[in-house]
Amino acid sequence: MSQVTLYHNPRCSKSRETYQLLRDNGIEPRVREYLKDIPTADELRAVLAALGIGARELLRTKEAEYKELGLSDTSLGDEQIIAAMVQCPKLIERPIVIRDGQARIGRPPESVLEIL
């Protein structure tokens with residue numbers, strides 16, 4: 001079986017639910033606590049490609065940093081948003097499950113089952 005990676009925040013209930021769902025399905029993912037092990041811009045680009053979405057769609061818009069960094073400005077491109085997520089990883093939507101070049105955001109947690 002191929003490696004499954006979970007971008008995880010243990011303080012997030014959806015992230016914990018997704019982790020447990022993976023384990024309940026016999027999968028022990030490689031856990032990446034992205035707030036401690038911050039993804040690089042290249043890694044985020046790869047995650048976005050695997051998700052098939054633009055950077056803005058991966059932003060957590062309710063975080064204070066979203067407003068503080070002026071990220072609601074629609075003239076900002078993917079590279080500027082990616083740079084903001086590297087600077088402040090709290091802005092990255094979670095959890096994210098990655099397997100074989102495909103990824104899903106675990107909202108709801110069951111959506112990650114599509115790539116397993």
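These legends go with several close-up views of a predicted model.

**View 1. Helix 2 and its buried side.**
Here we look at helix 2, which runs over residues 41-51 and has Leu44, Val47, Leu48, Ala50 and Leu51 buried. These five span an arc of only 160° around the axis, which puts them on the same side of helix 2. Flip to the face turned away from that buried side and you find the exposed residues Asp42 and Ala49. What sits over the buried residues? The cover includes strand 1 (4-8), helix 4 (78-87), strand 3 (96-99) and strand 4 (102-105). Just after the helix comes Gly52, with a positive phi near 75°.

**View 2. Helix 4, seen from its buried residues.**
In helix 4 the buried residues to look for are Ile81, Ile82, Ala84 and Met85. They take up an arc of only 160° around the axis, so they end up on the same side of helix 4. Helix 2 is part of what covers them.

**View 3. The largest nonpolar core.**
This core has 23 residues, and the ones touching the most other members are Leu58, Leu59, Met85, Leu91, Ile92 and Ile96. Two or more residues come from each of helix 2, helix 4, strand 3 and strand 4. Helix 2 is the top contributor, with 5 residues. Zoom in on Leu58 and, leaving aside residues up to four places away in sequence, you'll see it touching Leu48, Leu51, Ile53, Met85, Leu91, Ile92, Glu93, Ile96 and Ile105. There is also a second, separate core of 8 residues, with Leu6, Leu21, Leu22 and Val97 among them. As general background, nonpolar side chains tend to be buried together in soluble globular proteins.

**View 4. Arg32, a buried arginine.**
Arg32 belongs to strand 2 (residues 30-33). Is this arginine buried or exposed? Its relative accessible area is 6%, so Arg32 counts as buried. Its side chain makes a polar contact with the side chain of Glu43, at 3.0 Å. The residues that Arg32 touches, not counting those up to four places away in sequence, are Thr5, Leu6, Tyr7, His8, Asp37, Ile38, Pro39 and Glu43.

**View 5. Two tyrosine rings.**
You only have 1 aromatic pair to find in this structure. It is made by Tyr7 and Tyr34: the ring centres are 6.4 Å apart and the planes lie at 20°, so the pair is stacked. Tyr7 comes from strand 1 and Tyr34 from the loop between strand 2 and helix 2, so the pair ties together parts that are 27 residues apart in sequence. Both rings belong to buried residues, with relative accessibility of 5% for Tyr7 and 0% for Tyr34.

**View 6. A salt bridge within helix 2.**
The structure holds 14 salt bridges, and this view picks out the one between the side chains of Arg45 and Asp42, at 2.3 Å from N to O. Both residues lie in helix 2, 3 residues apart, or about one turn of the helix. Arg45 is partly exposed at 33% relative accessibility, while Asp42 is exposed at 57%.

**View 7. A salt-bridge network.**
Lys90 and Glu65 meet through their side chains in a salt bridge, at 3.6 Å from N to O. Lys90 is in the loop between helix 4 and strand 3, and Glu65 is in helix 3 (residues 64-68), so this pair ties together parts that are 25 residues apart in sequence. Lys90 is partly exposed, at 36% relative accessibility, but Glu65 is buried at 18%. Arg107 and Glu93 form another salt bridge, their closest N and O atoms being 2.8 Å apart. This one links distant parts of the chain, 14 residues apart: the segment after strand 4, with Arg107, and the loop between helix 4 and strand 3, with Glu93. Arg107 is partly exposed at 36%, and Glu93 is buried at 16%. Through shared partners, salt bridges join Arg60, Glu63, Glu65, Lys90, Glu93 and Arg107 into one network.

**View 8. Backbone spots to check.**
Most peptide bonds are trans, and most residues other than glycine have a negative phi. Which bonds here are cis? One joins Arg94 and Pro95, with omega about -10°, and Pro95 is in the loop between helix 4 and strand 3. Another runs from Arg107 to Pro108, with omega near 0°, and Pro108 is in the segment after strand 4. Asp100, in the loop between strand 3 and strand 4, has a positive phi near 50°. Asp100 is exposed, at 53% relative accessibility.

Methods:
Residues numbered from 1 in each chain as written. Predicted model: local features only at pLDDT ≥ 70, side-chain atom pairs only at ≥ 80, totals over all residues. Heavy atoms only, no water. Buried < 20%, exposed > 50% of the residue type's maximum accessible area, 1.4 Å probe, protein only. Helix = DSSP H or I, 4+ residues; strand = E, 2+ residues; numbered from the N terminus. Arc of directions from axis to C-beta. Contact = heavy atoms within 4.5 Å. Core = buried A, V, L, I, M, F, W, Y, C linked by side-chain atoms within 4.5 Å. Polar contact = N/O pair within 3.5 Å; in protein donor to acceptor, adjacent residues only side chain to side chain. Phe/Tyr/Trp six-rings, centres within 6.5 Å; stacked < 30°, edge-to-face > 60°. Salt bridge = Lys/Arg side-chain N within 4 Å of Asp/Glu carboxyl O.
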